[in-house]
Amino acid sequence: MELFDSLALNFNADSISVNQTEKENEFTVGFGNGADITVVRDGEGNMKVTSSHGLLAFDEQTVGFAKKTGQWKDGLTDVELAKRMSDKDFETTLVANVEKEFAKNLTVVHEIPSSDYFASKRESIYTVKNKSSKQIDGDDYQLIIPFFREHSMGDMNVDRWNETRKGKTISPNGSVTYVEYIVTEEGEYERTGPVYDGHRIELTLKGKALFNKYYEAKGDEYEKYLKEKESPAK
């Protein structure tokens with residue numbers, strides 16, 4: 001099975017070094033740039049490469065993600081490293097989990113201070129809270145509010161629709177408010193306003209973009225992923 005599809009080896013011939021290892025007929029060939037190969041000479045003088053370091057080619061973004069999450073581990077042979085780097089499920093799983101946990105930081109509480117059902121205008125207040133220790137930018141989420149319009153008392157054919165309110169930047173462990181109104185028109189009866197429940201927060205920044213902006217890697221994410229993969233929760 002192929003674990004990678006490209007190699008990168010740039011070197012100056014004058015920088016090549018060959019050293020025998022502690023094993024008989026085994027040599028390490030260094031290329032002066034951090035890359036090396038280990039070769040073994042058989043009884044007929046033929047050389048066979050048994051391992052290598054630093055020959056794999058990855059783009060900068062892939063390496064950056066792998067290093068900060070522990071997927072990349074210095075000192076591994078290219079075969080060992082290729083096996084880790086070819087595990088594409090890791091990034092998908094981690095990014096999805098980060099997005100899921102991030103969404104939990106945003107909560108919304110709705111209240112209608114006035115209990116006067118027949119008032120011509122009542123405030124409908126939404127408080128969006130940020131439970132994290134980081135500022136959450138308003139461009140990265142939005143508030144979805146369901147509205148209604150009834151044309152008579154006890155109207156059985158109430159109009160319903162959703163309206164979107166752009167997010168507001170929230171300081172760490174802070175909150176912001178949105179005020180809507182329930183309006184009752186006298187004369188030809190009509191009541192319009194937000195529905196009491198059904199409101200929700202929706203992320204507008206998702207996936208890798210959200211991960212890169214808000215997540216601070218600890219460096220042990222890949223090892224935790226492997227443990228969970230080997231011993232999935234029941």
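Colleague: Is Asp-220 buried, partly exposed or exposed?
Modeller: This is a predicted model. Buried means under 20% relative accessible area, and exposed means over 50%. Asp-220 has a relative accessible area of 29%, so the residue falls in between and is partly exposed.

Colleague: Which side chain meets that of Asp-220 in a salt bridge?
Modeller: A salt bridge needs a side-chain nitrogen of Lys or Arg within 4 Å of a carboxyl oxygen of Asp or Glu. Here the N to O distance is 3.5 Å. The partner of Asp-220 is Lys-224.

Colleague: Is that partner, Lys-224, buried, partly exposed or exposed?
Modeller: The relative accessibility of Lys-224 is 44%. Exposed would need over 50%, and buried under 20%. Lys-224 therefore counts as partly exposed.

Colleague: Which residues are joined into one network by salt bridges that share partners?
Modeller: One pair in it is Lys-213 with Asp-137, whose side chains meet at 2.7 Å, N to O. Shared partners bring in Asp-140 as well. The network is Asp-137, Asp-140 and Lys-213.

Colleague: How many residues apart in sequence are the parts that Lys-213 and Asp-137 tie together?
Modeller: Lys-213 lies in helix 4, residues 207-214. Asp-137 sits in the loop between strand 6 (121-130) and strand 7 (141-150). The pair therefore ties together parts whose separation in sequence is 76 residues.

Colleague: What are the relative accessible areas of Lys-213 and Asp-137?
Modeller: Lys-213 is partly exposed. Asp-137 is also partly exposed. The values are 40% for Lys-213 and 22% for Asp-137.

Colleague: Where is Lys-166, and where is Asp-139?
Modeller: Their side chains meet in a salt bridge at 2.7 Å, N to O. The pair links distant parts of the chain, 27 residues apart. Lys-166 is in strand 8 (residues 159-166), and Asp-139 is in the loop between strand 6 and strand 7.

Colleague: Are Lys-166 and Asp-139 buried or exposed?
Modeller: Exposed means over 50% relative accessible area. Lys-166 has 57%. Asp-139 has 57% too. Lys-166 is exposed, and Asp-139 counts as exposed.

Colleague: Is Thr-69 buried or exposed?
Modeller: Thr-69 is found in helix 1, residues 60-69. Leaving out residues up to four places away in sequence, Thr-69 touches Phe-90, Leu-94, Phe-211, Ala-217, Gly-219, Asp-220, Glu-221 and Tyr-222. Its relative accessible area is 0%, so Thr-69 is buried.

Colleague: How many salt bridges does the structure hold?
Modeller: Those discussed here include Lys-213 with Asp-137, Lys-166 with Asp-139 and Lys-224 with Asp-220. The total for the structure is 15.

Key
Residues numbered from 1 in each chain as written. Predicted model: local features only at pLDDT ≥ 70, side-chain atom pairs only at ≥ 80, totals over all residues. Heavy atoms only, no water. Helix = DSSP H or I, 4+ residues; strand = E, 2+ residues; numbered from the N terminus. Buried < 20%, exposed > 50% of the residue type's maximum accessible area, 1.4 Å probe, protein only. Contact = heavy atoms within 4.5 Å.
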